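Please open the model in your viewer and keep a selection panel at hand, since this tour moves from one selection to the next.

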Amino acid sequence: MQTPTVTPLSDVFGPGVFHCHDVAECGEASVRLKRFGICAGREIEVIQAGNPMVIRVCGVRVGVSRELSEMIVVEEPACPLHAAGSESMRVGGC
Amino acid sequence: MRLVLKVCESEVVDMSQTAAKVATVALVGNPNTGKTSLFNRLTGLRARTANYPGITVDLRKGRLKLPNVTADIIDLPGFYSLDALSPEEQVAKAALTGQLEGESSPDAVVLVLDATSLRRNLFVASEVLDLCLPTVVALNLVDAAESAKIRIDIEDLEKELGCKVVPVSAKTGKGLDELKRVLDGMLVSPLAIIPEEHFSCTAGCTGCQYSARFAWAERVANATTQTPETVGKRTEAIDRFLTHPVLGLMAFSALMLGVFYLIFSLAGVPMELIDGTFGRLGDLTSSLIPTDVPPVLWTSVVAVISMAVVSICYRLAEIKRTPKSMALAVAVSAWVAWLPVDDFESLLVDGVIGGIGGILIFLPQICILFFLISLLEDSGYMARAAFVMERLMRFVGLPGKAFVPMLSAHACAIPGIMAARVIESWRDRLVTILVLPFLTCSARLPVYAMVTALLFSDSPTKAALAFVGAYMLGIGAALSSAWCLKKTLLKGEAVPLVIELPAYRMPSLWNALMIVTERAIIFVRQAGTVILLISVILWALATYPKMPESALSVKAAGKVAALRAEAENSETPDELIAQADHLVASEGLAYSFAGRAGRLVEPVFRPLGFDWKINVGIITSFAAREVVVSTLAIVYGIGEDGAEDEKTLVETLRRQKRPDGTPVFDVATGLSLLVFFVLAMQCLPTQAVTKRETGSWRWAVFQLVYMTGVAYVAAAATYQLVSRLAV
């Protein structure tokens, strides 16, 4: 079984569904993320990369600054992401 | 992960006691769930701002009469978690847990959930249900859920949550009767027990409590809701454009341009109407004041009227009747009653009616701006605006969320400062509050209009450019001050943005009108209290000490005598007598405290190109900047009425000469005056609100000092530069 590699969410350049591996503990900043459902074990869908980026968690679109997305560590999908519309990624990822 | 079972214990409450008192019901939920719309539907126009000691956040409270009990509904600020970060969230938490001073926990909770986003909302629901308060869920936006073909099994949801769930639509009013019925039953019966236990992670959890709660929320949402794949497609399509790094900024600029165009194009007619109404009211008041009433009767009647006016002001300002406040009311009434009839008329017409009218004229602009802001907020766009502005704002040390207060500040800095409460970080909130008054509020517009007309009446393009330049200068000063504060006094970066981008919704006109009504009431209340007080003080400073006839300068006395003599043989004596009266009024102003102060500070303002008469305007407008226009009208001898006729005022100002024969209002002085009023604080009510929101006078004084300093330096630089270029 292939071990997924982890990367900061800020390094993601295209749409896709990611598994949240960890959120760096950084006082209020991590609390702010976790309150939105951005915490270990949950799925994060990147809709629009950049700074700030648009993600979807718990069915809600959330705008996140680069400074915060750097704190979010996600597992890269085992197969390469395709840059097609995010909708196809929502249900099954790759 | 070990999940701990938490069972809420029952609490038996005396039914008779519960039924006899006014029950307290808290309206809670995530932001953007339509909570305020539901509050407005339940309480109508009976809402009022509830002030609690020790907190700066205003909570809206409204009374709801149910069949068997009366309830006070409190609209708590929306929150994402009971791990509260912003002041608003902290207040919501304190209110729910009975930690507000003098308040116990609410008798019941109406938990508002968004039917179109149940998975997201159930996180907060899990935290609120853990408080074990009697709770009813108002499943709002069911109309939107139905049109999106989202199906929710209400019975299953009730079982999962362990409390009654009522589908409602705050927009259409659907389900409100059922909600009231359930609430009534809950308040008169022994408090309901939440029969079903639900998982929580608040005690003994070794893992992440957020993850556990979200997992629970997801499971409940999946078990009770069927959501078609098409949900969110429209929002996604619109957001490809509105959150795009380039197109989003262009759309933002176009929208802001549209907002300001609507404000200026729609507000003209009602502003003229208010202006005319107050003008006629002043004339009517003058004509109604009798001149041949016996002094005793006059004094008694005026004292009674004055006491009545002061009582109304106390009521508006919510000032309690204490021995001190009553003694002050009696002293003020006695002073007014002993005024000579002429002074009384002047106080009433120039001080009270003129002062209040001068403020209320901006009401249409403020109402239109808040109406549009409310529509934009309701539609979901405001979060996108904060999103696209994030990078620019963070560069200067402001958070993206500061955008909304900055937009409000373009109507009036006070609601802007109050809107800064949504910003979580104290540093970010403080920087936002400190720079907001630089933005062009409605009160600056008369000054801009006067100066641009004075300098560029022959060129509408130049006048428009000066107007736009003044706006840009204000925005630039706010942003650069924020950057300076970031580098010096308030070091550090703004807290990075994480913001919900809610689904786009059709805004509710009803809700927008309710918000505008509330804002208008607050504004009018302020005009009837703080502004009235300032107006009366300024009137007194500009009126006393009264100048005896013998103190009139030789030149002025000669001119007055000549005008009066000419009037006797003229076909238009009224005009000549009015000119003589205005000349006397001008000399009287020079003799008054305000006039003396203007001369005293002449050396200070000389580098800005201001003479003592302009200084009087600067001094009298210290508390409210718009007062400068009417002051200049008086000080240059055209009377209060002249200020209403822009042409008369501008022509008169243009004719003014310095002792060396050069015009007082040349381009350098005009631009210097404009720059000064763009940047100077000159608003006492804003200072009071800064003190309230920051908790000390220290920041209010700092704001006054640094803004005045910036205004002084910038105006002096403008005058010196332009006058040298002109030479």
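Which residues in H10(B) meet which residues in H15(B)? The model is a predicted one, and with that in mind, begin by selecting helix H10, residues 247-288 of chain B, together with helix H15, residues 381-395 of chain B. On the H10(B) side you should find Gly248(B), Leu249(B), Ala251(B), Phe252(B) and Leu255(B), which meet Tyr381(B), Ala385(B), Val388(B) and Met389(B) in H15(B). Sorted by class, this contact of H10(B) with H15(B) has eight nonpolar residues and one polar residue, with no charged residues. Now turn the view until both axes can be followed: they lie 10 Å apart, and the helices pack at an angle of about 120°. H10(B) and H15(B) are therefore oblique to each other, and H10(B) passes H15(B) in a left-handed crossing.

Keep H10(B) displayed and add helix H14, residues 363-379 of chain B, whose axis comes within 7 Å of that of H10(B) and crosses it at roughly 145°. Here the crossing is right-handed. The residues of H10(B) that meet H14(B) include Leu255(B), Met256(B), Val259(B), Leu262(B) and Ile263(B), and they run on to others, among them Met271(B) and Ile274(B). From H14(B), the residues to select are Pro364(B), Gln365(B), Ile368(B), Leu369(B), Leu372(B) and Leu376(B). The contact of H10(B) with H14(B) divides into 16 nonpolar residues and one polar residue, again with no charged residues. Leu255(B) deserves a label of its own, as it takes part in the contact with H15(B) and also in the contact with H14(B).

Next, select Asp239(B), which is found in helix H9, residues 233-242 of chain B. Is this residue buried or exposed? Asp239(B) has a relative accessible area of 0%, and because the cut-off for buried is under 20%, Asp239(B) counts as buried. Show side chains around it, and a polar contact of 2.9 Å can be drawn from the side chain of Asp239(B) to that of Arg384(B), while another, of 2.6 Å, reaches the side chain of Tyr504(B). If neighbours within four places in sequence are left aside, the contacts of Asp239(B) are Gln48(A), Arg61(A), His244(B), Arg384(B) and Tyr504(B), so chain A should be displayed as well at this stop.

Finally, go to Asp107(B), in the loop between helix H3 (87-96) and strand E6 (108-114) of chain B. Asp107(B) is buried, with a relative accessible area of 17%. From there, a C-alpha to C-alpha distance drawn to Val309(B) spans 39 Å, the two residues being 202 residues apart in sequence.

Terms used
Residues are numbered from 1 along each chain as its sequence is written. Chains are lettered from A and ligands numbered from 1 in the order in which they are written. This is a predicted model: local features need pLDDT of at least 70, side-chain atom pairs count only at pLDDT 80 or more; totals for chains, interfaces and linings use all residues. Side-chain values use heavy atoms; hydrogens and water are left out. Helices (H or I, at least four residues) and strands (E, at least two) are DSSP runs, numbered from the N terminus. Buried means under 20% relative accessible area, exposed over 50%, partly exposed in between (1.4 Å probe, protein chains only). Axes are lines fitted to C-alpha atoms, for helices over the stretch in contact, and angles run from 0 to 180 degrees between N-to-C directions. Angles under 35 degrees count as roughly parallel, over 145 as roughly antiparallel, 65 to 115 as roughly perpendicular and the rest as oblique. A crossing is left-handed if the near helix is turned anticlockwise from the far one by less than a right angle, and right-handed if clockwise. Contact means heavy atoms within 4.5 Å. Ala, Val, Leu, Ile, Met, Phe, Trp, Tyr, Cys and Pro count as nonpolar, Asp, Glu, Lys and Arg as charged, and the others, Gly among them, as polar. A polar contact is a pair of N or O atoms within 3.5 Å; within protein, one must be able to donate a hydrogen and the other to accept it, and residues adjacent in sequence count only if both atoms are side-chain atoms.
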